[in-house]
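This report describes the strands of a protein and the way they are arranged. Please look at the structure below before reading on.

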Amino acid sequence: MKTNPTIKSGHLSSERRDFLRKSGSLAIMSMFGIGFFTSCAEDEEPRLDDSTPPANGGSAISFENNIITVDLDRAEALDRTGGWTLVIEARALIVNVGGGNFNALTSVCTHSGCDRNWSFNNDVFICSCHGSRFANDGAVLQGPALTPLRSFPTNVDGRTLTVNVS
Ligand code: FES
């Protein structure tokens, strides 16, 4: 049965985009996480926005038979470089890494299994349970986790992103 999963997502604020544009830093936008763009410079924590249901009643993200399907025309956060989403039911993190490419990772932290206390800042996923940090490809940057996050295959067909979490 197809479900409309619970998600958390983040994206760049227009103010941050303007700041980067004026500072000539567009080329490095993908180097930063959403926290940089959505919060004040002294505020390291990214804002998490619960997904807003689209006006037509459908969901921009669905989850069925271990496949996450994302309508990029409606999944506003994910359609931007640095945008990311946690799909809780699928236990998956998805991040737009730019150039039309996406990385998808398990949201089950390899330290002790927290699966939803994630933030994304300066291109780094942070598990707030005990502070482990992972690169956007799942590599461990800082423990206590020792093992990378498993990655899932992604596919983009037109404006539809699919992630196979099986
Ligand atoms: Fe993620 Fe401990 S469960 S850091």
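Isoleucine 67 stands opposite asparagine 164 in S14. The model that shows this pair is a predicted one. The pair belongs to a longer contact line, in which strand S4 (residues 67-71) is joined to strand S14 (residues 160-164) by five bridges, the two strands running antiparallel. Another pair along these strands is isoleucine 68 with its bridge partner in S14, valine 163.

**The sheet around S4**

S4 and S14 are part of an open sheet of four strands, ordered S3-S4-S14-S13 and paired antiparallel. At the edges of this sheet are strand S3 (61-64) and strand S13 (154-157), each of which pairs on one side only. On average, neighbouring strands here are turned by 20° against each other, direction ignored. In general, strands of a sheet pair through backbone hydrogen bonds, either parallel or antiparallel.

On its other side, S4 runs antiparallel to S3, with four bridges between them. One of the residues paired in this way is phenylalanine 63, whose bridge partner in S4 is isoleucine 68. S3 and S4 form a hairpin with two residues between the strands, where asparagine 65 has a positive phi near 50°.

Which side chains of S4 point to the face where they are buried? They are Ile68 and Val70, while Ile67, Thr69 and Asp71 point to the other face and are not buried.

**The nonpolar core**

Ile68 is also among the residues with the most contacts inside the largest nonpolar core, which has 32 residues. Val163 is listed there too, along with Val87, Ala92, Leu93, Ile94 and Ala104. The elements giving two or more residues to this core include S3, S4 and S14, as well as strand S6 (92-98) and strand S7 (101-106). S6 provides the largest share, four residues. In soluble globular proteins, nonpolar side chains tend to be buried together.

Alanine 104 gives a view of these contacts: leaving aside neighbours within four places in sequence, alanine 104 is in contact with Ala92, Leu93, Ile94, Ser151, Phe152, Thr154 and Val163.

**A second sheet**

Another open sheet of four strands has the order S8-S9-S10-S11, again with antiparallel pairing. Its edge strands are S8 and strand S11 (140-142), each pairing on one side only. From one strand to the next, the twist averages 30°. Within this sheet, S9 and S10 are paired antiparallel over three bridges.

Alanine 135 lies in strand S10 (residues 133-135), and valine 124 stands opposite this alanine. Not counting residues up to four places away in sequence, alanine 135 touches Val124 and Leu141. Aspartate 123 is twelve residues from alanine 135 in sequence, and their C-alpha atoms are 6.7 Å apart. Is alanine 135 buried or partly exposed? Alanine 135 is partly exposed, because 15 other C-beta atoms lie within 10 Å, whereas a buried residue needs 20 or more.

The bridges between the strand pairs are set out here.

| Strand pair | Bridges | Direction |
|---|---|---|
| S3 and S4 | four bridges | antiparallel |
| S4 and S14 | five bridges | antiparallel |
| S9 and S10 | three bridges | antiparallel |

**The protein as a whole**

The protein has two helices and 14 strands. Of its 166 residues, 35% are buried. Among contacts between residues at least 6 apart in sequence, 54% join residues at least 24 apart.

Definitions and conventions: Residues numbered from 1 in each chain as written. Predicted model: local features only at pLDDT ≥ 70, side-chain atom pairs only at ≥ 80, totals over all residues. Pairing = 2+ DSSP bridges. Axes fitted to C-alpha atoms, helices over the stretch in contact; angles between N-to-C directions. Buried ≥ 20, exposed ≤ 12 C-beta atoms within 10 Å, placed from the backbone. Contact = placed C-beta atoms within 7 Å. Core = buried A, V, L, I, M, F, W, Y, C linked by C-beta atoms within 7 Å.
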